Amino acid sequence: MSGAPDMFTLSDDQIAIRDMARDFATAEIAPNAVAWDEAKHFPVETLRAAAALGMGGIYVREDVGGSGLSRLDAALIFEALATGCPGTAAYLSIHNMATWMIDRFGSDDQRARWVPQLATMACLASYGLTEPGAGSDAAALKTRAVRDGDHYIVDGQKQFISGAGASDIHVVMVRTGGDGPKGISTLVIPADTPGLSFGANEKKMGWNVQPTRAVIFEGVRVPVANRLGAEGEGFKIAMAGLDGGRLNIGACSLGGAQAALDKTLAYMRERKAFGQRLDAFQALQFRLADMATELEVARTFLWRAAAALDAKAPDATKLCAMAKRVATDTGFTVANDALQLHGGYGYLADYGIEKIVRDLRVHQILEGTNEIMRLIVARTLIG
Ligand SMILES: Cc1cc2nc3c(=O)[nH]c(=O)nc-3n(C[C@H](O)[C@H](O)[C@H](O)COP(=O)(O)OP(=O)(O)OC[C@H]3O[C@@H](n4cnc5c(N)ncnc54)[C@H](O)[C@@H]3O)c2cc1C
């Protein structure tokens, strides 16, 4: 399926996909989200249940088990799932991004070898770009892969890798050539390869439902046959993955914020102050109106960027960067406003609002910080 011809009206199929994901989030994710966060539980079985409904390889081709859906469909799915738990939806987004990279840039052999198990989530994927000394400036990465016959020997460290320690397959950007983006290649490295180890699970503000670890490579032998694309194409592959990743993470922010707004509407109907319901104060009504409006603005624009990526429009990268910035900033602000409107109760874990705020905060930082999103947009303006 591709983007709807009229991008402001969802097709019947798209409404069905969104409702399926929303029902799954309501039944399987939302009731557990606060407990998973508290226990730092990574809900792998729930992710596999989502994959059984086609959400493990959403925009991956069908011949290898993917669902063959569009980026707009994916945005609908991630927003719907994130109403249950942004952190769970966001890991699924990273898994989908890494799986798509293998489907898009892998040979037929590579696609047949890895994608079917990733689409069912029998195997989980991680995406390894960031290093201790190279975050925003990812093209400065230093993890080295030196050719040794029909293998590479990989040495270095990746930092902040989502899913690491639990995932089975790492899609890793390594340096096979000289400095800069053109010296980078992409390798698919199974997590159980000798010489690959993990740092401790990071203690984080949010996203506690998924592990984040350093991944350490010490003399890791990786077959040359595990390289995606040609030597030197790795940075391009990594950035192509992120165009869609940014849409997905933006959609996760919209879903989290929408859930916070919905909880707030219900709360304000019940809660009284100064002898009236909170939702009877006009100042607060206007606040709610602004929250709903800002969310709809961000959502509409995210759909536009998704449609551009589906159409392979020349300005798709710029639009995805714009959409990521707008959706993640708006999502965080709306969720934080929802916390404020809950008064002291918003600050308590039981109400589920503070978790959403904590989860959404990191969306302004990862998949390229929102400063880097501005850099991408500014480059297109200034050159
Ligand atoms: C929970 C979590 C999960 C993550 N998961 C993954 C993952 O799965 N895989 C992965 O590869 N990475 C992952 N990351 C890493 C994430 O993408 C990086 O943290 C992010 O890109 C920023 O890099 P940095 O932390 O090194 O910050 P820095 O690059 O050091 O930036 C510090 C500050 O300077 C700003 N800045 C830097 N350069 C510029 C500039 N040129 N102009 C203006 N401002 C600038 C930044 O915006 C930021 O505010 C994750 C991070 C977190 C926190």
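The following paragraphs go through a predicted model, from its enclosed spaces to some individual residues and a patch on the surface.

The interior comes first. One cavity of 30 Å³ or more is present in the structure. The volume of the largest cavity is about 40 Å³. Its lining consists of Phe24, Ile29, Thr46, Leu47, Ala50, Leu81, Thr88, Ala89 and Leu92. Three helices each supply at least two residues of this lining: helix 1 (12–29), helix 3 (44–52) and helix 5.

Thr88, one of the residues in that lining, belongs to helix 5. With a relative accessible area of 4%, Thr88 is buried, because the limit for buried is under 20%. Leaving out residues up to four places away in sequence, Thr88 touches Ile29, Trp36, Pro43, Leu47 and Val209. Of these contacts, Ile29 and Leu47 also appear among the residues that line the largest cavity.

Further along helix 5, which spans residues 86–105, is Ser93. The relative accessibility of Ser93 is 0%, so Ser93 counts as buried. When neighbours within four places in sequence are set aside, the contacts of Ser93 are Phe78, Gly245, Asn248 and Ile249.

The next space is a pocket. The second largest pocket holds about 300 Å³ of space. It is lined by 19 residues, and those closest to its centre are Ala30, Thr83, Gly84, Ala259 and Lys263. Helix 1, helix 2 (33–39), helix 7 (234–270) and helix 10 each supply at least two residues of the lining of this pocket. Helix 7 gives the most, with three residues.

Helix 10, one of the helices that line the second largest pocket, is mostly covered, with eight of its nine residues buried. The buried residues include the nonpolar Ile353, Ile356, Val357 and Leu360, and also Glu354, Lys355, Arg358 and Asp359. Which helices are included in the cover of these buried residues? Among the elements that cover them are helix 2, helix 5, helix 7 and helix 9. Of these, helix 2 and helix 7 also contribute to the lining of the second largest pocket.

Helix 9 contains Thr317. Is Thr317 buried, partly exposed or exposed? Its relative accessibility is 35%, so Thr317 counts as partly exposed. Not counting residues up to four places away in sequence, Thr317 touches Asp243 and Ile376. Thr317 can also be placed relative to Arg246: the two are 71 residues apart in sequence, and their C-alpha atoms are 9.6 Å apart in space.

Another pair that is separated along the chain involves a loop. Gly178 sits in the loop between strand 4 (169–175) and strand 5 (184–190). Its relative accessible area is 46%, and Gly178 is therefore partly exposed. Gly178 and Gly232 are 54 residues apart along the chain, with 9.3 Å between their C-alpha atoms.

Two loop residues stand out in their backbone angles. Most residues other than glycine have a negative phi. Met121 has a positive phi, near 65°. Met121 lies in the loop that joins helix 6 (108–120) to strand 1 (125–128). With a relative accessible area of 0%, Met121 is buried. Phe274 is not a glycine either, and its phi is positive at about 50°. The loop that holds Phe274 runs between strand 9 (272–273) and strand 10 (276–277). Is Phe274 buried or exposed? Phe274 has a relative accessible area of 82% and is therefore exposed; the cut-off for exposed is over 50%.

The last stop is on the surface. Tyr345, Leu348 and Tyr351 form a nonpolar patch there, and together they have about 250 Å² of accessible area. Leu348 is placed in the loop between helix 9 (316–341) and helix 10 (353–361). The relative accessibility of Leu348 is 42%, so Leu348 counts as partly exposed. The loop that holds Leu348 thus leads to helix 10, where eight of the nine residues are buried.

Methods:
Residues numbered from 1 in each chain as written. Predicted model: local features only at pLDDT ≥ 70, side-chain atom pairs only at ≥ 80, totals over all residues. Heavy atoms only, no water. Patch = residues over 30% accessible without salt bridge, like charges linked within 9 Å, V, L, I, M, F, W, Y side chains within 5 Å. Areas by Shrake-Rupley, 256 points an atom, 1.4 Å probe, with all protein chains shown as cover. Salt bridge = Lys/Arg side-chain N within 4 Å of Asp/Glu carboxyl O. Helix = DSSP H or I, 4+ residues; strand = E, 2+ residues; numbered from the N terminus. Buried < 20%, exposed > 50% of the residue type's maximum accessible area, 1.4 Å probe, protein only. Contact = heavy atoms within 4.5 Å. 1 Å grid on protein atoms, 1.4 Å probe; cavity = no way out; pocket = protein on both sides within 12 Å on 5 of 7 lines; lining within 4 Å. Points joined across faces, edges and corners; volume = space filled by probe spheres on them.
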